[in-house]
Amino acid sequence: KPPATETNPALEDPTPDYMNLLGMVFSMCGLMLKLKWCAWIAVYCSFISFANSRSSEDTKQMMSSFM
């Protein structure tokens, strides 16, 4: 059994956080510069972030971030 993540934060997977940040950056580029490929990459990053999120996270915050 792995140790609890509250006592050892180094074991947490940062992938959802990075994908959420990349999704925001690409979505802003897609909106401001009207680049369709940036918007599609943002949707892809958003799906990855949503799929890899922890179940203990707030569902309301996760859905607003996804939208």
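UniProt positions are given here in the numbering used for this structure, with feature names shortened, and its annotations may be inferred rather than shown by experiment. The model you are looking at is predicted, so local features need pLDDT of at least 70 and side-chain atom pairs count only at pLDDT 80 or more, while totals for chains, interfaces and linings use all residues. Residues are numbered from 1 along each chain as its sequence is written, and side-chain values use heavy atoms, with hydrogens and water left out.

**Exercise 1. Work out the overall layout of the protein chain.**

Step 1: Start with the secondary structure. The protein chain has three helices and zero strands. Here helices (H or I, at least four residues) and strands (E, at least two) are DSSP runs, numbered from the N terminus. Along the sequence, that reads as α-α-α.

Step 2: Check how much is tucked away. Of the 67 residues in the protein chain, 15% are buried. Buried means under 20% relative accessible area, exposed means over 50%, and partly exposed is in between (1.4 Å probe, protein chains only).

Step 3: Look at the outside. The protein chain exposes about 5500 Å², and carbon and sulfur atoms supply 67% of it. Those areas come from the Shrake-Rupley method with a 1.4 Å probe; for residues, only the protein chains shown count as cover.

**Exercise 2. Find what UniProt says about residues 21-47, and describe that span in the model.**

Step 1: Read the record. The unreviewed UniProt entry lists residues 21-47 as "transmembrane region".

Step 2: Turn to the model. The span is 93% helix and 0% strand, and its end C-alpha atoms lie 12 Å apart.

**Exercise 3. Describe α1, and say which side of it is buried.**

Step 1: Get its length. Helix α1 covers residues 15-33, so 19 residues by the DSSP run. From first C-alpha to last, α1 reaches 26 Å, close to the 27 Å expected at 1.5 Å a residue. The expected span is 1.5 Å times one less than the number of residues in the helix.

Step 2: List the buried residues. In α1 these are P16, M19, G23 and G30. Seen down the axis of α1, they fall within an arc of 60°, so they line one face of the helix. The arc is that of the directions from the helix axis to the C-beta atoms.

Step 3: Recall the general rule. An α-helix has 3.6 residues a turn, so residues three or four places apart point the same way.

Step 4: Flip to the other face. Turned away from the buried side of α1 are the exposed residues Y18, M32 and L33.

Step 5: Find the partner. The buried residues of α1 pack against α2 (36-51).

**Exercise 4. Explain what happens at K34.**

Step 1: Locate K34. This residue sits in the loop between α1 and α2.

Step 2: Check the backbone. Phi of K34 is near 55°, a positive value in a residue other than glycine.

Step 3: Check the surface. K34 counts as exposed because its relative accessible area is 69%.

**Exercise 5. Do the same analysis for α2, then zoom in on S49.**

Step 1: Get the length. α2 has 16 residues and reaches 23 Å from first C-alpha to last, close to the expected 22 Å.

Step 2: Sort the residues. C38, A42, C45, S46 and S49 are the buried ones in α2. They cover an arc of only 105° around the axis, which puts them on the same side of α2. On the other side, K36, W37, W40, Y44 and A51 are exposed.

Step 3: Find the cover. What covers the buried residues of α2 includes α1 and α3 (59-66).

Step 4: Zoom in. S49 counts as buried because its relative accessibility is 4%. Leaving aside neighbours within four places in sequence, S49 is in contact (heavy atoms within 4.5 Å) with P16, M19, N20 and M62.

Step 5: Try two exposed residues. The C-alpha atoms of Y44 and G23, 21 residues apart in sequence, are 7.8 Å apart. Those of A51 and P16, 35 residues apart along the chain, are separated by 8.1 Å.

**Exercise 6. Decide whether C38 is bonded or free of disulfides.**

Step 1: Apply the cut-off. A disulfide is a pair of cysteine sulfur atoms within 2.5 Å.

Step 2: Search. The whole structure has zero disulfides. C38 is therefore in none, and the nearest cysteine sulfur, that of C29, is 4.9 Å away.

Step 3: Add the setting. C38 counts as buried, at 3% relative accessibility.
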